[in-house]
There are 2 protein chains.
Amino acid sequence: MENSSVIDLLLKHKSIRKYTADPIPEPVLNKVLEAGTRAATTGNMQLYSVIVTKDPERKRALAPLHFNQPMITEAPAVLTFTADVNRFQQWCEQREAGRAYDNLLWYVCAAIDCMLMAQNTVVAAEAMGLGTCFLGTTLYTAKEQCAFFDLPAGVMPLTTLTLGYPAEQPEATDRLPLTGIVHSERYRAYTPDAIDGIYGPKEALPQTQRLLAENGLPNLAQIFTQRRYPLADNLKFSEHYLELLKTQGFLNGK
Amino acid sequence: MENSSVIDLLLKHKSIRKYTADPIPEPVLNKVLEAGTRAATTGNMQLYSVIVTKDPERKRALAPLHFNQPMITEAPAVLTFTADVNRFQQWCEQREAGRAYDNLLWYVCAAIDCMLMAQNTVVAAEAMGLGTCFLGTTLYTAKEQCAFFDLPAGVMPLTTLTLGYPAEQPEATDRLPLTGIVHSERYRAYTPDAIDGIYGPKEALPQTQRLLAENGLPNLAQIFTQRRYPLADNLKFSEHYLELLKTQGFLNGK
């Protein structure tokens, strides 16, 4: 009953940030995306669009919107995943059915659809020998992404995936113990001891110790709040994203 | 290079709404969830929690929050997926690192993390012979879900997955042509002809014709806007969800 090669593939996942120069054959990319679209979708509405960037000029122009992370120019293909109610609503209007989906509920539904599709795309890509890396920078520069890709109202950028044949084989990263994220019947409040138990193994890793030494900080949590994702940035990006939800038409009717 | 059994599994996906009475062995469920957590996650923060409902009493009590869809009581396991910054922030506070993630940006990051994990869970479940169905009702009753599962601030319900051994083998549902959802380099505006081309095959399906006859409506788009997901409901649920984002602490600092 068990298809162990699938489980093995999922358990072996690693983000790949270095790629060979080999282009991705069009039939391979199409098969990967087709497998992506087989993911479940709300009411079978497929409320997403994917923009493929392969042109070297466009990748160079896109790189600053991802804080010049080298994967953007080095990966043969960059996929930008968007929550998209525009196409569906245009169909509805063309059929005299009115507009119903330019609101927060459907931003969330579309985002869910889009991310299910994105993860299926990753699994399919890895099954075809490709490596992938998600870039969170898409949210920070969401407004600029809209301009760069000509995204109309009803479309919001969510995440970006670089795609190519791996030129590195990194170690798998750690994960929290399953008991730290799964709850039985009800969400159990985390006691201080439980938090220590869940995050202790991560804090004890050699790479964590290296990070602390490099950053001159006393613990890993402060690496996150002081260096990687500090509050002031988060509030600024949150404000921009909320503003964009308005201008892209997802906060109507409230 | 190609792992064709993985691609086949993805291409064959169908939502399963009828389950046998067989329970899911604990090691199987754990392996499925472990494979789920191997999905990529923002900064390896794993900003999600999954609540497993197996107790028959609790499933009966949960059913009304999913509009009494029978899968809730019939499936041996119901997984409720939540975007969760609470655990991470509790860790940060315990390490005197402050709070930084109770804002809109990190709701979206956590939702992305959560849905990538959810889709990996689906793929793993199907590889283990299980069937799954996502329920969108979680968003409609998000506030009630918070009360039902004791979700603290920093946690938002996103979606629900029923899980069990299949007692049906439905046909695969249709999907839009890939050219309808993939854009090259820039988002291309959809012309009226393009919309007709993308949605035409779906409109011509025999099951669409049956739906129109049953509902006395002239086209499929109106089935969506008049019957399935009408505007008045969408605005009401949007308002509730926005209110919940506030009360769960994701709209701070704006």
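This passage describes how the two chains of a predicted model are related and how some of their helices and strands pack.

The symmetry of the pair is a good place to start. A turn of 180 degrees, with a shift of 0.0 Å along the axis, lays chain A on chain B with an RMSD of 0.0 Å. This is the relation of a two-fold axis. Both copies use the same surface, as 100% of the contact residues of chain A recur in chain B.

One contact between the chains involves a pair of helices. Helix α1 of chain A (residues 4-11) packs on helix α6 of chain B (residues 104-127) at an angle of about 155 degrees, and their axes are 8 Å apart. Because angles over 145 degrees count as roughly antiparallel, α1(A) is roughly antiparallel to α6(B). Their crossing is left-handed. On the α1(A) side the contact is made by V6(A), I7(A) and L10(A), while α6(B) contributes N120(B), V123(B), A124(B) and A127(B). By class, six of the residues in this contact are nonpolar and one is polar, with no charged residue.

The chains also share a sheet. Its five strands follow the order β5(A)-β1(B)-β2(B)-β4(B)-β3(B), and the sheet is open with mixed pairing. At its edges lie β5 of chain A (182-184) and β3 of chain B (131-135), each pairing on one side only. On average, and with direction ignored, neighbouring strands are turned by 25 degrees against each other. The link between the chains is a parallel pairing of β5(A) with β1 of chain B (residues 48-53), over three bridges. Within this pairing, S184(A) has V52(B) as its bridge partner.

Helix α6(B), already met in the contact with α1(A), returns here in relation to the strands. It lies across β1, β2 (77-84), β3 and β4 (155-164) of chain B, and runs at about 155 degrees to β2(B).

A further helix pair is found within chain A. Helices α10 (residues 206-215) and α11 (residues 220-228) of chain A pack at an angle of about 50 degrees, with 10 Å between their axes. This makes α10(A) oblique to α11(A), and the crossing is left-handed. From α10(A), the residues in contact are T208(A), L211(A), L212(A) and N215(A); from α11(A), they are L220(A), I223(A), R227(A) and R228(A). This contact comprises four nonpolar, two polar and two charged residues.

Technical notes
Residues are numbered from 1 along each chain as its sequence is written. Chains are lettered from A and ligands numbered from 1 in the order in which they are written. This is a predicted model: local features need pLDDT of at least 70, side-chain atom pairs count only at pLDDT 80 or more; totals for chains, interfaces and linings use all residues. Side-chain values use heavy atoms; hydrogens and water are left out. Copies are superposed by least squares on the C-alpha atoms of residues with pLDDT of at least 70 in both. Contact means heavy atoms within 4.5 Å. Axes are lines fitted to C-alpha atoms, for helices over the stretch in contact, and angles run from 0 to 180 degrees between N-to-C directions. Helices (H or I, at least four residues) and strands (E, at least two) are DSSP runs, numbered from the N terminus. Angles under 35 degrees count as roughly parallel, over 145 as roughly antiparallel, 65 to 115 as roughly perpendicular and the rest as oblique. A crossing is left-handed if the near helix is turned anticlockwise from the far one by less than a right angle, and right-handed if clockwise. Ala, Val, Leu, Ile, Met, Phe, Trp, Tyr, Cys and Pro count as nonpolar, Asp, Glu, Lys and Arg as charged, and the others, Gly among them, as polar. Two strands pair if DSSP finds at least two bridges between them.
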